[in-house]
Every structure is written in C-alpha cells, then in structure tokens.
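Please open the model in a viewer and set it to a cartoon representation. The tour below proceeds from the whole chain to the sheet, and then to the interior.

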Amino acid sequence: MNIRLAKADDLLAMQAANLQNLPENYSLQLWMYHIITWPQLSFVAEDHKGRIVGYVLAKIDEEKDNEDDASTATHTHGHINSISVMRSYRRLGLAKKLMLLSQEAMIAIYRASFVSLHVRQSNKAAISLYRDALGFAVKKVETGYYADKEDALSMQLTLGSNH
Ligand code: ACO
C-alpha cells in the first residue's frame, strides 16, 4: 500500500471511489478545482497495482478575523471535503494516514490554525476516526444539513499542538 499526493490523473478514480463509498458526490470540475487550487492537501492510497483504494480531498478556507473590522486580517483553516477508503481496505490505518498527511500540509504550507469537517451523525466509523484516532471535537450540530435532512456534526481539530 502506498500513500501519495493526488494529481489530476487520479481524479476519475477518486470520484469513482467517492461514488461507491458516500452519498455526497461532486462534479469533476469541483474535484479538479481542489487539486489545482490546493495541490498539496489531497492524497490517495493505492494498492500494489496502482489502483486507488482511498482518498482525502481537502481545501483551505480564509476568513476575516472580524467581519465588522475594516482591517484585512484573516485566519486560515483547513477543511476536509471528503474522505473514503474502499470496503476491503478498511481498518488498516489508511484513513488515519491520509488525514494526518493532509493536516501536516495544512500546517506546513498554509499555517492553518485548525481543520474542520462535517460528518453524518449516524456515521459511527468516521466519527470514531475523527474523535478517537485524531482528536477532533464536536463544535456544533447542524440540523438537516444533508440532502436527506440528516443532521451533521461540525467537528474541528486545533492544529499545531500534538497532532
Ligand atoms: N468502527 C469504529 N471505529 C472505527 C471504524 C469503525 N468501523 N473505522 C475506523 N475507526 C476508527 C478506529 O479508532 C480506528 O483505529 P483502530 O483500527 O486502531 O481501532 C481509526 O478510526 C483509524 O481507522 P482507519 O483504518 O484509518 O480507517 P479506514 O481506513 O477504515 O477508513 C473511513 C475510515 C474513511 C470512515 C471508512 O470507513 C470509509 O470509507 N467509510 C465510508 C465513507 C465515509 O464515511 N467517509 C467519511 C465521511 S465524512 C467526510 O468525508 C468529511
């Protein structure tokens, strides 16, 4: 198993994995936009034949420190758009490694202060990955966030501490 940066050539396979593993799917343009705009933040896991078996798609958000303030001070944080690992490759530590690589790049390249994500409140495996394996905490519950009206947990992890 090999984990490496995602490149434009990987996008179709990443999109296929996403379609198979999650109900939240995106246009190829959106996948491409992420890889072009934040080329150091998204990673893939491949098997010994080079087939994509997992991915993490991430981005950077920049927000003004104070919306009412006329100054241009901003803070930067990372956001995980989507992560998944094909069924027969789960519980091997791939998702944790994909997340850690993306988080390290968010710190090293963008000085991101925290990383955020949304997860379905019923998604026990992913919540355990974020909370137990990576140290994320729930910031708030977003009611009816998903297309089928399931609630999302909005989770965050402060970067630059021990993670
Ligand atoms: N049950 C309980 N805990 C789990 C589970 C599970 N099924 N899967 C992972 N964990 C936790 C455990 O603490 C695990 O450590 P351990 O195996 O030593 O106990 C730790 O997370 C690390 O697990 P990994 O092996 O790195 O996780 P994996 O590679 O299996 O991928 C993932 C986890 C991505 C959630 C996978 O199950 C998956 O692809 N699910 C479908 C897609 C999905 O739900 N993606 C997340 C949506 S939210 C978003 O994209 C922002």
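Display the whole chain of this predicted model: 4 helices and 7 strands make up its secondary structure. Traced along the sequence, these elements follow the pattern β-α-α-β-β-β-α-β-α-β-β. The radius of gyration is 16 Å, close to the 15 Å given by the globule rule for 163 residues, so the protein is as compact as a globular protein of that length. Along the principal axes, the C-alpha trace spans about 55 × 35 × 30 Å.

Next, select the strands. They form an open sheet of 7 strands in the order β1-β2-β3-β4-β5-β7-β6, and the pairing is mixed. Which strands stand at the edges? These are β1 (2–5) and β6 (137–142); each has a single partner strand, so one side of each lacks a neighbour in the sheet. From one strand to the next, the twist averages 25°.

Now add helix α3, residues 94–110, which packs on the sheet. The helix touches β1, β2 (43–46), β3 (52–64), β4 (74–85) and β5, and its direction makes about 160° with that of β4.

Within the sheet, begin with β2 and β3. These strands run antiparallel and are joined by 4 bridges; they form a hairpin with 5 residues between them. Select Gly50 in the turn, where phi is positive at about 80°. Then select Phe43, which stands opposite Val56 in β3. On moving to β4, one finds 11 bridges joining it to β3, again in an antiparallel arrangement. Val56 also stands opposite Ile83 in β4.

Continue to β5 (residues 114–120) and β7 (residues 152–158), an antiparallel pair joined by 7 bridges. Here Ser116 can be selected together with Gln156 in β7, which stands opposite.

Finally, turn to the interior. Of the 33 residues in the largest nonpolar core, which touch the most other members? They are Met14, Tyr55, Val56, Ile83 and Leu98. At least two residues of this core come from each of α1 (11–21), β2, β3, β4, α3, β5 and β7, and the largest share, 6 residues, is supplied by α3. Centre the view on Tyr55: leaving aside residues up to four places away in sequence, this residue touches Ala6, Met14, Ala17, Phe43, Val44, Ile83 and Ser84.

To close, return to the full chain. Of its 163 residues, 28% count as buried. Among contacts between residues at least 6 apart in sequence, 62% join residues at least 24 apart.

Notes:
Residues numbered from 1 in each chain as written. Predicted model: local features only at pLDDT ≥ 70, side-chain atom pairs only at ≥ 80, totals over all residues. Pairing = 2+ DSSP bridges. Axes fitted to C-alpha atoms, helices over the stretch in contact; angles between N-to-C directions. Contact = placed C-beta atoms within 7 Å. Core = buried A, V, L, I, M, F, W, Y, C linked by C-beta atoms within 7 Å. Buried ≥ 20, exposed ≤ 12 C-beta atoms within 10 Å, placed from the backbone. Rg over C-alpha atoms; globule rule 2.2 N^0.38 Å.
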